[in-house]
Amino acid sequence: MYGSASTHDIPTQAATGLENEDPILLAEFEARIARGEKIEPTDWMPQLYRKQLTRMIEQHAHSEIIGSLPEGTWITRAPGFRRKMAQMAKVQDEVGHAQLLYSAAETLGKTREQMLSDLVNGKSKYSNVFNYPTPTWADSNVISWLIDAGAIVNQMANAKGSYGPYCRALDRICAEEAFHLKYGHDAVVHMATGTPIQRKMMQEALNRWWPAIMTFFGPSDKMSVHTEILMRWKVKMATNDACRQQFLDMYVPKIWEIGLTLPDPNLRKNEDGVWEFSEPDWEDFKRVINGDGPCNAERIAVRRAAEENGAWVRRAMQQPQARYVRPLA
Amino acid sequence: MLFSFDPRISRLELPESAPPPPDKAALDQFPTYEVFHQRKENTAYVYVGPVHAPEADVAFLFGKEQFSRRFPCTGMWVVPTEAIRVTEYGDDQQSVYDRLPLLPADALTTADAAGLEAYDIFHLKKRGKAHTHVGQVQAASPEAALQAAKAAFGDQRPVVNVWVIRSADLLRSDDDDRDMWTTTPDKKYREAIAYKVQDRIDRFKQER
Amino acid sequence: MNPTLDLLYRLADDQLILGHRNSEWNGLGPILEEDIAFSSMAQDKLGHSLQLYTLLHELGEAEPDTVAFTRNTPQFHCCQLTELPIGEYDFSLVRHFLFDHAELLRFEALADSSYEPLALVARKVKGELKYHVLHANTWVKRLGTATEEAIERMQAALEFTLPYALGIFETTDAESEIISSGLFVGEEQLQRRWEASISKVLAQTALTLPDLRLLTPVTGGRHGQHTEHLQPLLDEMAEVFRLDPTADW
Ligand SMILES: [Fe+2]
Ligand SMILES: [Fe+2]
Ligand SMILES: [Fe+2]
């Protein structure tokens, strides 16, 4: 999620603009969502809904395409046929997810090329975890399992949201993620229960990634008017804390059962069933998401290079009479 | 040169830093095509999503791998988004056909059958789900096709939204190419079910 | 070498090395959708190589992983075409076009091989190869009739790649026995069919196919002689695998 990047930039100060919306249309719109019906692209929708959804789906799409890079780092080096083919298929799926999500965002009015342009110009954000490197094969496995697990928590929640095209894309994505999760788990288990070299490599990778994983769902939500509205409109489906708790509850026991440790002495489940942990370094998080992480420059440079190197192909394929229209659904 | 842990990236020899590129030219924006799949023989084609492509043949190549690489599929149709006539969206539980304005009779009945063309009709049964093919009608225009669709399929409900597509605008997979669509079952490595690791975990726990 | 082993190693190594090369585009392609399509075809190639190494294993050779990840340059029998770096998309597409036409025709012929397990594999992969060639033809036709820039690029890529492509059909000492035993129709036959097949597509473009008789095929690959690009590829591919040869990854 991949969509989590969006959750920490819900505006807290700016006006909602709701006072400028037609009250009758707004009431119908809210009634539809309250009935559990989805919103489709040609329906009337408040500006705030369009804007926030566009931003959220776009950032989710960017996170998929940028997210293909840290695992892509090991695509030519995956050990053995089984891993080699699965690693390729997984990275391919992430690119496919970007395609699905850009399409969903396009139905709200922003073109794909504009989104890609904003990405390479550094105007859009993507999930912060992908600004960290994967120096070993085990790092890639940690992403395949645990970052995807986090993404699935988010995506399953968002698939119950109110926007039809986003739900359709997420249904397909969630079906594909089942493979990612199992593949990632399988790879981590092989490493953790394997030879001393493998176990050491895996434990070190997990230690490197744990702080980033703990920031994956974003800081605790500031409950603002915006947050409330977006939850009522089923744009934001769960709080960051709820997602984090769900993730910890599902995966920490699975990490521990294969003899791996987590680098947080305060991590434990209390008697109320709530996970306690050391507060992540949110200052560092802010610094990295604003551009100063170990891989920000590389990620953007790679996307730029891909765009630039492919420009002649797109130029050649363009038909003079062709006219862009947004996808329908 | 930019350092990367990825040998593929190192081979690109990217500069350490570079000024941001200019905004992308609009010419990079291809038209879009909508893609439909048949999951099993003798079942209706269902909408799966759009692709960006310069022309239908390329959209076909793209649609196949984007939408059928992970799920079995026996056939595919692609159509330019622009060629789809869309009705308004109704509420769940309702039928948009009920809201269809009646056209004057002479707009519907064309004396010469030569002016008739086939149109494919797709229904959306519920918001958030996918449009599904319901059948074909013969008509002289997309508007007339919609009226004909109401006559032919109007008793089905709910119908939240209807897509009308001139059949000639659909690029369809060839029956002779069936074998192109039946390759997924051999690709187990892309399925969750291929990864069974519980035995290994149990063994590990016992040995500890 | 035993003719069956000789043939299988050439087939399998081609598929592995080109599949590996093409996978380098994953996530870096010119269009999102094309990125996905190209990756599928690379995966197919690896799948083919795995099936072929499995046949070799059944004939007493080492496990597929061992064969693929522990040999060095002189033990590889791929043609040099497959090992060249991916270059720009024009080269990768032209290589894909030239190789996959030969591949489709080769496996079509192998469907009648006297070695039944190989015939079975050949029949199984036909649907995939059909898509590969459809993909290659569509792109070559599009780019080969597009802008001046694209036509120039594709023509240059074609001229650069053809001598290597002719190396696909390099024969070994086993050739006459391969043909006489009905294992395969032979490289000469294949090359003739291939020329007809690529000519037909190129004729629909602004690209010109040079007179192939005037070109010197780049050979050696079938005999373990390779470009300087193969060993680094093998080292990279096996980097993790060789970290701990006893490990189950
Ligand atoms: Fe994904
Ligand atoms: Fe994933
Ligand atoms: Fe191929």
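In this predicted model, the iron ion (ligand 1) picks up its protein donors from Glu64(A) (OE), Glu94(A) (OE), His97(A) (ND1) and Glu177(A) (OE), which sit 2.0 to 2.6 Å from the metal. Read along the sequence, these donor residues follow the pattern E-x29-E-x2-H-x79-E. The geometry of the site comes out as irregular, with angles of 79 to 157° among the 4 donor atoms. For a set of four donors to pass as tetrahedral, all angles would have to lie between 85 and 135 degrees, and the range at the iron ion (ligand 1) runs from 79 to 157°.

This iron has a partner. The iron ion (ligand 2) is 3.4 Å from the iron ion (ligand 1), and Glu94(A) coordinates both. Glu64(A) and Glu94(A) tie together distant parts of the chain: Glu64(A) belongs to helix H3 (residues 47-72) of chain A and Glu94(A) to helix H4 (residues 81-106) of chain A, with the two positions 30 residues apart in numbering. As for accessibility, Glu64(A) counts as buried because its relative accessibility is 0%. Glu94(A) is buried too, with a relative accessible area of 0%.

Now to the other iron site, over in chain C. The iron ion (ligand 3) is held by Lys45(C) (NZ), Asp100(C) (OD), Glu103(C) (OE) and His132(C) (ND1), at 2.0 to 2.4 Å. Here the spacing along the chain reads K-x54-D-x2-E-x28-H. The 4 donor atoms make angles of 90 to 132°, and the site is tetrahedral. Two of these donors come from one helix: Asp100(C) and Glu103(C) are about one helical turn apart because they are 3 residues apart in helix H5 (residues 89-110) of chain C. Both Asp100(C) and Glu103(C) are buried.

Next comes the interface of chains A and B. Chain A brings 79 residues to the contact and chain B brings 64 residues. About 6200 Å² is buried between chain A and chain B, and carbon and sulfur atoms account for 57% of that area. On the chain A side, Arg172(A), Glu257(A) and Leu328(A) put in 11% of the area that chain A buries against chain B, more than any other three residues.

What about charged and polar pairs? Across the interface of chain A and chain B there are 8 salt bridges, along with 24 residue pairs in polar contact. In terms of secondary structure, the elements that give two or more residues to the side of chain A touching chain B are H3, H4, helix H5 (112-120), helix H7 (164-192) and helix H12 (296-317) of chain A. H7(A) gives the most to that side, with 15 residues. Down at the level of single side chains, Glu176(A) and Arg69(B) meet in a salt bridge, N to O at 3.5 Å.

One last stop is a lysine within chain A. Lys236(A) lies in the loop between helix H9 (225-232) and helix H10 (240-256) of chain A. Despite its loop position, Lys236(A) has a relative accessible area of 5% and is therefore buried. Its side chain finds polar company: a polar contact of 3.2 Å joins the side chains of Lys236(A) and Asp221(A). A polar atom of the side chain of Lys236(A) also lies 3.2 Å from the backbone oxygen of Ala238(A).

Conventions
Residues are numbered from 1 along each chain as its sequence is written. Chains are lettered from A and ligands numbered from 1 in the order in which they are written. This is a predicted model: local features need pLDDT of at least 70, side-chain atom pairs count only at pLDDT 80 or more; totals for chains, interfaces and linings use all residues. Side-chain values use heavy atoms; hydrogens and water are left out. Donors are N, O and S atoms within 2.8 Å of the metal (3.2 Å for Na, K and Ca); water is not among the atoms, so sites may look incomplete. Four donors count as tetrahedral if all angles lie between 85 and 135 degrees; four count as square planar and six as octahedral if opposite donors are over 155 degrees apart and all others between 65 and 115; anything else is irregular. Helices (H or I, at least four residues) and strands (E, at least two) are DSSP runs, numbered from the N terminus. Buried means under 20% relative accessible area, exposed over 50%, partly exposed in between (1.4 Å probe, protein chains only). Contact means heavy atoms within 4.5 Å. Buried area is the accessible area (1.4 Å probe) that two parts lose on being put together, summed over both. A salt bridge is a side-chain nitrogen of Lys or Arg within 4 Å of a carboxyl oxygen of Asp or Glu. A polar contact is a pair of N or O atoms within 3.5 Å; within protein, one must be able to donate a hydrogen and the other to accept it, and residues adjacent in sequence count only if both atoms are side-chain atoms.
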